[in-house]
Amino acid sequence: MEKNIVIIGGGPAGVSAALYAVRAGIDTTLLVHGSSALEKAECIENYYGFPGGISGSELLEKGLEQARGLGVDVREEEVVGLGFGEKLEVKTTEQIYPADAVILAMGSQRKAPAIEGIKEFEGSGVSYCAVCDGFFYRGKTVAVLGSGDYAANERSELEPLAAEVIALEDIDAIERFSGDTQIRKVEFKDGTSLDIDGLFIAFGTAGAGDLAKKLGIMTEGSRIIVDENRATNVPGVYAAGDCTGGLLQVSKAVADGAIAATSAIKYLRG
Ligand SMILES: Cc1cc2nc3c(=O)[nH]c(=O)nc-3n(C[C@H](O)[C@H](O)[C@H](O)COP(=O)(O)OP(=O)(O)OC[C@H]3O[C@@H](n4cnc5c(N)ncnc54)[C@H](O)[C@@H]3O)c2cc1C
């Protein structure tokens, strides 16, 4: 019987994996539900081949179109569980997919606290990634919201670029973020405020690890642990992209997807 692969996630990692799997003649299903980090990226300027940049949502759509065009079975279904039957099993809200191999490419949710102004100014001064967007704030004043190692890392990315980097570690002191078409101010509960040109949210990452744990896949926090072949500790299960941690960028997600799929193909061919 023909071997099959089920890939969870329609972002750059999942789509890249699907392109390699389907072109190797493997029956490939791609399950997609919810948003990709890429949808939030206003303009990607650091990915190969797009002079002048490309919007994240356009890049995402082009990827899915390419996958469908090559024969990937793309389905809009939410994955709610993983398990073992005669084969591996991927459970969605609609049905259970038996799979000879599975690639996890669910990205990582970027957490944001519920402070007025954050959601409203996403893409208009609110960013979740210093290495992605720091370049746009050269010589400007930015704030980094969050405490701990991740926030410190984001501040150190911004310091060589921005004129000033403000650490907003005490979240409870903040009343709201305000502005016009762009974020302009952080307003504190004591009535004071600071002018800012940009806000970086640095609450660490969370997500995909929960699903992985259902199969006994090893994780470190929310990050899925993989080897150099993007294999997890469970035979036949691979992971790619942001859900494996490291550099949270399109180029790394695409490379991960290619490596995970080529490893899975070797595994399926014995
Ligand atoms: C504001 C912002 C700006 C950015 N700017 C840049 C930039 O300039 N350059 C750059 O290289 N990178 C940038 N990035 C990072 C880049 O978007 C990510 O690194 C990249 O999208 C990761 O790809 P991925 O496939 O691993 O995950 P994602 O793109 O997040 O895709 C995850 C996929 O999994 C699906 N999914 C999740 N859970 C389930 C489930 N239970 N069932 C089914 N499907 C599920 C989602 O729907 C989605 O399709 C930016 C990110 C943000 C947020």
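Here is a short chat about a predicted model, taken one piece at a time.

Colleague: Let's start with the helices: is α1 roughly parallel or roughly antiparallel to α2?

Modeller: The axes of α1 (residues 12-23) and α2 (residues 56-69) come within 10 Å and cross at roughly 20°. Angles under 35 degrees count as roughly parallel. That crossing therefore makes α1, relative to α2, roughly parallel.

Colleague: And is the crossing of α1 and α2 left-handed or right-handed?

Modeller: The α1 side of the contact has Pro12, Val15, Ala18 and Leu19, which meet Gly63, Leu64, Gln66 and Ala67 of α2. Sorted by class, the contact has six nonpolar residues, two polar ones and no charged ones. As for the hand of the crossing, it is left-handed.

Colleague: Next, the open sheet of five strands: which are the edge strands?

Modeller: The order is β3-β2-β1-β7-β19, and the pairing is parallel. Ignoring direction, neighbouring strands in this sheet are turned by 20° against each other on average. The strands that pair on one side only, and so sit at the edges by the order given, are β3 (73-75) and β19.

Colleague: Inside that sheet, which residue in β2 stands opposite Ile8?

Modeller: Strand β1 covers residues 4-8 and β2 covers residues 27-31. The two run parallel and are joined by five bridges. Opposite Ile8 in β2 stands Leu31.

Colleague: Something packs on this sheet too; what angle does the direction of α6 make with that of β7?

Modeller: Helix α6 packs on the sheet and touches β1, β7 (101-104) and β19. Angles over 145 degrees count as roughly antiparallel. By that cut-off α6 is roughly antiparallel to β7, because their directions make an angle of about 170°.

Colleague: Now Gly241: is it buried or exposed?

Modeller: Gly241 is found in the loop between β19 (237-239) and α6 (250-268). Beyond its neighbours within four places in sequence, Gly241 is in contact with several residues, among them Gly11, Pro12, Ala105 and Asp256. The cut-off for burial is 20 or more other C-beta atoms within 10 Å. Gly241 has 36 C-beta neighbours inside 10 Å, so it counts as buried.

Colleague: How far is the C-alpha atom of Gly241 from that of Arg230?

Modeller: Along the chain, Gly241 and Arg230 are eleven residues apart. In space, their C-alpha atoms are separated by 9.6 Å.

Colleague: On to the sheet of four strands: in what order do they come?

Modeller: This sheet is open, with parallel pairing. Its edge strands, each pairing on one side only, are β9 (126-127) and β11 (164-168). Strand β10 (residues 141-145) is joined to β11 by five bridges, and Val144 stands opposite Ala167 there. The full order is β9-β15-β10-β11.

Colleague: What about β5 and β6: which residue in β6 is the bridge partner of Val90?

Modeller: Strand β5 (residues 88-92) pairs with β4 (residues 79-84) in the antiparallel sense over five bridges, and a hairpin joins β4 to β5 through three residues. Four bridges join β5 to β6 (residues 96-99), again running antiparallel. These two also form a hairpin, with three residues between them. In β6, the partner of Val90 is Tyr97.

Colleague: Last one: which residue in β13 is the bridge partner of Gly179?

Modeller: Strands β12 (residues 174-179) and β13 (residues 183-188) pair in the antiparallel sense over five bridges. They form a hairpin with three residues between them. Gly179 has as its bridge partner in β13 Ile183.

Definitions and conventions. Residues are numbered from 1 along each chain as its sequence is written. This is a predicted model: local features need pLDDT of at least 70, side-chain atom pairs count only at pLDDT 80 or more; totals for chains, interfaces and linings use all residues. Axes are lines fitted to C-alpha atoms, for helices over the stretch in contact, and angles run from 0 to 180 degrees between N-to-C directions. Angles under 35 degrees count as roughly parallel, over 145 as roughly antiparallel, 65 to 115 as roughly perpendicular and the rest as oblique. A crossing is left-handed if the near helix is turned anticlockwise from the far one by less than a right angle, and right-handed if clockwise. Two residues are in contact if their C-beta atoms, placed from the backbone, lie within 7 Å. Ala, Val, Leu, Ile, Met, Phe, Trp, Tyr, Cys and Pro count as nonpolar, Asp, Glu, Lys and Arg as charged, and the others, Gly among them, as polar. Two strands pair if DSSP finds at least two bridges between them. A residue is buried if 20 or more other C-beta atoms lie within 10 Å of its own, exposed if 12 or fewer, and partly exposed in between; C-beta atoms are placed from the backbone.
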